[in-house]
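Colleague: Could you take a close look at one part of this model with me? I'd love a connected walk-through.

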Amino acid sequence: MATYQEFIQQNEDRDGVRFSWNLWPSSRLEATRLVVPVSCLFTPLKERPDLPPVQYEPVLCSRANCKAVLNPLCQVDFRAKIWACNFCFQRNPFPPSYAGISEVNQPAELMPQFSTIEYIVQRGPTPPLIFLYVVDTCLEEEDLQALKESLQMSLSLLPPNALVGLITFGRMVQVHELSCEGIAKSYVFRGTKDLSSKQIQVGGDKGRPPQPENAGVFVFITRFLQPVHRVDMNLTDLLGELQRDPWPVPQGKRPLRSTGVALSVAVGLLEGTFPNTGARVMLFIGGPPTQGPGMVVGDELKTPIRSWHDIQKDNARHLKKATKYYEAMANRSAVNGHCIDIYACALDQTGLLEMKCLSNLTGGHIVMGDSFNTSLFKQTFQRVFSKDYNGDFRMAFGGVLEVKTSREVKVCGTIGPCVSLNAKGSCVSENEMGIGGTSQWKVCGINPSTTLALYFEVVNQHNAPVPQGGRGVIQFVTQYQHSNTQRRIRVTTIARNWADAQSQIQHIESSFDQEASAVLMARLGVFRAESEEGPDVLRWLDRQLIRLFMFHLRRSPFLQVFNNSPDESSYYRHHFVRQDLTQSLIMIQPILYSYSFHGPPEPVLLDSSSILPDRILLMDTFFQLVIYHGETIAQWRKAGYQEMAEYENFKQLLLAPLDDAQEILQTRFPMPRYIDTEHGGSQARFLLSKVNPSQTHNNLYAWGQVLRGAPILTDDVSLQVFMDHLKKLAVSSSA
Amino acid sequence: MSQQGYVAAPPYSQAQPGMGGYQGGFGTGLAQPLHGHYGGPPQAFTAPTTGKGLLLFISVVRMRQGLEQLQQVCTHQIVLLHFTSYRNCLASGPMQSPPLPASSVAQQPFQTPPPSAMGQPQMPPVLQSPHMSPHMSPQMSPPQSPPANMQMAGQPMSGPPMSGPPIAGPPMTGMGRPFPGPPAPGARGFQQPGPGVVGPPGYPQQAGMPGAFPGAPGGLAGPPQKKLDPDSIPSITQVIEDDQGKQGGTVYKTNVRGQVPPLVTTDFTVQDQGNASPRFIRCTTYSLPCTADLAKQCQVPLASIIKPFASLQKNETPLYVVNHGETGPIRCNRCKAYMCPYMQFIDGGRRYQCGFCNCVNEVPVFYFQHLDHMGQRVDFYERPELSLGSYEFVATLDYCKNNKPPNPPAYIFMIDVSYNNIKSGLVKLICDELKTLLENLPSEEGMESSAIKVGFVTYNKVLHFYNVKSALAQPQMMVVSDTAEMFVPLLDGFLNNVTCQLSHDPVPLLSSLLDQIPDMFADTNESETVFVPVIQAGVEAFKAAECSGKLFIFHSSMPTAEAPGKLKNRDDKKLVNTEKEKTLFQPQKGVYEQLSKDCVAQGCCVDLFLFPSQYMDIATMADVPSHTGGSVYKYNNFQVETDGEHFLRDLRKDVRKSIGFDAIMRVRTSTGFRATEFFGAIHMNNTTDVEMAAVDCDKAITVEFKHDDALSEETGALMQCALLYTTINGQRRLRIHNLSLNCSLQLSELFKSCETDSLINFFSKSACRAILNQPLKNVREILVNQTAHMLACYRKNCASPSAASQLILPDAMKVFPVYVNSLMKTAPLVGSTELSTDDRAHQRLAIMGMGVEDTQLLLYPRLTPLHNMDVSSEALPAPVRCSEERLTDSGMFLLENGHSMFLWLGQASPPDLIQSIFNLPSLAHLQGNMCALPELDNPLSIKVRSIINGLIEKRPNSMKLQIVRQKDKPEMLFRQFLVEDKGLHGGASYMDFLCYVHREIRQLLT
């Protein structure tokens, strides 16, 4: 048998699942003793180039409250043409189309290698994708120009039949009609008045919902959402003519930005015209909402936008109201299956803290940058429309994830970009972790890397453990709208063996997936941090511990708010709860590579001792990509040795981290901030703040050792100190 | 706007609240003298119960001799009329002098002149009513007196009819019923079957009209009666002609205090020599009574009609602009009157005494000037504010809103693009016209282009704003559907300077927009509209642009869409002639009220062009225009072919009018009297400041004065009207008009200085306001009463003693009864179900803003014969009196009253006339809907067309030419403007009215 490492890898590759434990303790009591719950990271739409979808629909268990999908783990009686559901044990006859089934002629879903399988649902209409741009016009001329260009560019990336719409806002909100000749027509709404969805439809006369015509082709009469191929030119012109918000901004005031109403109009528009159709609202903002519902800060410049300090002191006037407003909107949007992206580019905060739920609950992206006129934004935005090996967009819509469990386990909840669908059932645990109390979640915007953390509970009582050799089964059923507008269902069925904790504790121990567990626990931590007070979460985390990841996690912006604005924290957390395991790990513990003449590039400890003069370091924190030239290297570079033919090797050395960085830059979404710095450079702080402060101004000379590495000016404890303390705690009885 | 009901306040002027007779007396039989101050015993008028009984023959004697004698006695001219009444024979139907139909009063005792008062005691009126008074003879007697005959000139005044015993009428029982009402509808006696019927027999419906007063001058009744000579009663055309003859073409210098100017109809030139031109201010009298008692006694309202922006003739000097520098215009410290010719410089020129409040002020150093030996400043003739009656000051920032200089005003064109307007082609018509119209916006003198900015809005249930900023590649349309809380979606690009754009842009966005608008809505089926949000949008736009301006709203239907100001049909003909009739004129309250205030506060004037096909509650819709200095134009059942040109002419006139924005007017007076009431298209927040969002050259404000104290004959009475406004260029200015009047202890002076045209303007406006709060019946009664009262007062105090049966009128007021009678026959006051409520409301509001010329013309249309004029002469043919008798079967007449214009063709018009005007062989070929004359190259056609065009050009409103043939159905429309005849919808003929007034006067005198 392969090692656990291989097993885990194989499972991840095939099913997109990483469990914290790969052997499950057989009773509730044992499970709780393990501290880290039985849980998994699940990537529903993990890219599987080797998995062609089947062109038929899944076979479901006929029991009304089960409806599990036929899978390789089911027992099949080929002669009687009957299969037994492995969740409820219902015996189901095969449908007529399976008449030819036999041991040698099995459908794909029964083959073991198809523990994950994708079905294409043929019935029903296939509505086109919808992209609704919601654009802030209170931008600097330069920013607006850049944004306009990006938007114009994006039109060429959209599928020709996709529907596009444009809403612009500043002091007012304008919904643009796209198909007018000779005159640019738009509907205008006051930026201070919240409109109900009905009012928007009545008031704006937003066209009619699509009328199905024969052959499933739609004729869209709506004026605000039009197929790209039809309005391409118009919209390009329209975007080109887009002016900055014309209302004068008096001295000492912020521009009036009606973000709240604009979103409400956008959500209402889609709600009225295309409910339950994949749609993406893309919100571009250059500052905080300053008026109307959802206002984050007043327009007086002398009142700064809320900081963590204000929030802790309960001094953030608009926080609760705005958050509530956006949450309500996010929920509305989620119900309709529309996702909301936020592209916030400004030097100051833009209110992501209040608005984060828009994306977090609907599976939209959040991208944060300094300006729309940066490659960070431009390339990230472009990458939203990236395509997979089939030429399809790496995005899917309206996903519904359903979890079915065998009766020994129940699902406690999930943490990820989704909302609960409140589907109660026998497999729902009363013990909630994350978004719980349901076995179904809606993930409106979903892409191949979207990863949810799912937490389970073993419910078998200690005195009635699962018989040895039994397996716990979990089935993930993900229904979604593929970017080519097909409706698809992906079914992943996994099973793990039960193990008796008393007798097989070593087995269980060896089945522990440290990385997965770290991320799963970190997600729980972040989830708590979002809803609870910071110090409490740290204390909780300290009690549940997993090796050194936790050291970095404690220092990470996901839990620490020091030095981060509320917006930044929201941004980091947003990405943390949706990225896959690898990326999550990078976020928790940044990767540090060293390039030197001493050998090939190698990963080094994220420690101040790794910072040496003759090294180039490449640090990847997921959000930042820092290339740090050691002191000597920097001097050489300044001297221009790399230009000389005889120092070709130095040139190569300089280029090596750049190439690696480029590779990361090209795949990562959102594009990380790219920083090229050197010893003593001001931007070196990005590196210094991340490394373990093993050498600080406190211990530097006290230890009396030769200076190796760079001292960090911090009062944070080093890993060493942390570990020492930890060990002490671990052995003391009170822990 | 403190009008507390017409009743509570004394009637039109001067009467004291204690005079109960005005209020309660009518129609209730109150046994109290009507006009107590005359001190007479209760008048001996009794009432036959139905009109059937009273028959009255009038012979009018023009007593030239007597007249001449009297002229020697009195210092002024009077007209002496002698009426004798005769009884008509019963068979010829009733003679009904009551001028007013009021069916509700049918059962009440009617008051008629007692026989004795008529000098015909032996002929008691015959009554058939159960309500008849006991003292009256129950029987009808045949006429016993000789038939009425014309008294020959030169005969003694006391003709045979006068020889009766003196008045010894029975005690009056029907006291308080000065208006013998008509009999109950349907009373047989109302038909006028008499042989001498003047009304063309072709109109049987006339007689059947309920409540209408058929008939004609009193003389038509019986065979024994001779027809009265209508020429013998005072004629307006004659008065006009006389004045034109006397003062036409002269230069009128305003250097004399209390000087009575020529009539409004007279063509004269004004030279400002210290008093405002009569074009700016006219007064009801130029000699005020010195005391309140006198004023009360004479009942003549003291009022001025101020038209601050009146157009001047070409040969008259435009107003000078005076700049007093940074400190602003020099004003009296106490009363704040502006520097004017009435400031008396004293103390060697170091100080001046205010002519209004007598406060002595220091002369500012920069303004000091030495006085000459006459005590006049040396720079007297260099400074307009010292030597002229009218001039302007440059206003400083203190006079500006928020102490910021104003921006140039803006015009916003707001076009209703609902189904009706698209279908009728109106939208296209407007858009096409605007392209050229916008190049002709008014501009300040000396400026090459207009500073006025222009914006566009179209609307139906929602509003569409247009951005035509020149930087754009194509116009932008912004739709606002949130009509509950209106706002303006854009700032930059909405209001644009058109002149620049048109000339600089090779393919102007604006033209492209105007081309597109009709197409964009070509297939609309939206028929609901909003209205209040449209105006709100305009106000918001001006607010955002920080300017004042004018909205041109082109609207077709009642706003029924769900939005503020939604209206529902409340037209109810059943209310006519009831106590509740006033509600038809009252605007809906609430949002409209607030809207007017908002408009005025922002300086947003609203001009409304209405294209109704049915009732649209103009009383409410026109409320905002009528408070913001705006105008309301109305085109019933608009059709592009027939009404298009008419409407466009109105639009052009309206757009090009000289106008001032965001105006506040204050009328200051010298001590002893003050302005108390203001009438006009204005808004008043307090009792003194007249606020107008805009005031144009046709809008007049009528101001009534009351005494505070005694006035002195020596110093006279001064008034200064100061109007603070923003010019079309965006300059803040103060326009000052000064006028000095005489004061006199002699009522004869007052009557001599009266101006009938101004008086009737005042009466029109006050009556039009009164009908908002009072039953029409009362309003009409008061009008007649006050007329009688004024004339009686004259008779009593100024005229030489004469027989009671003589009607003596002051010369200056001799045609006053015609106007009053005509006023009572105007649509708002006539109380007829035949008239549309909207038309009545519209006219009522129009009258409120009218100047003296307009009311004069409205109440006495010009009827000009065109068939016998000298085509080679430049002059206009002389108008004839507005009476059917003046028409001839073979004639062609042009009638116009400033709002309507008719070309009337007699049925026997000679074919060559028809040929040369219409290029048609005969009248029968004439098409009914013709609205312009063909351009034919013959002298008559050229002349007629030039007359018509000249008139259309001259009047504030363009008029639609309606061509009517005698005895054709449309002639009905024409005939209602023959104001000397009996009203089509009710109302007496001039002759009847005069008799009636005469009777009233005599009643007052006894």
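How many residues of helix α9 (residues 352-362) of chain A are buried?

Modeller: Happy to! Bear in mind that this is a predicted model. In helix α9 of chain A, eleven of its eleven residues are buried, and the helix is described as mostly covered. The buried set runs from A:Leu352 and A:Leu353 to A:Leu361 and A:Thr362, and polar or charged names appear in it too, including A:Glu354, A:Lys356, A:Ser359 and A:Asn360. Right after the helix comes A:Gly363, with a positive phi near 75 degrees.

For contrast, let's turn to helix α3 (residues 141-157) of chain A, where A:Leu157 is found. A:Leu157 counts as partly exposed because its relative accessibility is 23%, while buried would require a value under 20%. Leaving out residues up to four places away in sequence, A:Leu157 touches A:Gln382, A:Phe385, A:Lys387 and A:Phe393. Its C-alpha atom is 26 Å from that of A:Ile183, a residue 26 places away along the chain.

A:Phe385 also leads us to A:Tyr133, since the contacts of A:Tyr133 beyond four places in sequence include A:Phe385, along with A:Phe381, A:Phe284, A:Leu155 and A:Leu158. A:Tyr133 is among the residues with the most contacts inside the largest nonpolar core, as are A:Phe284, A:Phe476 and B:Phe647; that core has 199 residues. A second, separate core has 124 residues, among them B:Leu495, B:Ala619, B:Cys882 and B:Phe893. As general background, nonpolar side chains tend to be buried together in soluble globular proteins.

Note on methods
Residues are numbered from 1 along each chain as its sequence is written. Chains are lettered from A and ligands numbered from 1 in the order in which they are written. This is a predicted model: local features need pLDDT of at least 70, side-chain atom pairs count only at pLDDT 80 or more; totals for chains, interfaces and linings use all residues. Side-chain values use heavy atoms; hydrogens and water are left out. Buried means under 20% relative accessible area, exposed over 50%, partly exposed in between (1.4 Å probe, protein chains only). Helices (H or I, at least four residues) and strands (E, at least two) are DSSP runs, numbered from the N terminus. A nonpolar core is a set of buried Ala, Val, Leu, Ile, Met, Phe, Trp, Tyr and Cys residues joined through side-chain atoms within 4.5 Å. Contact means heavy atoms within 4.5 Å.
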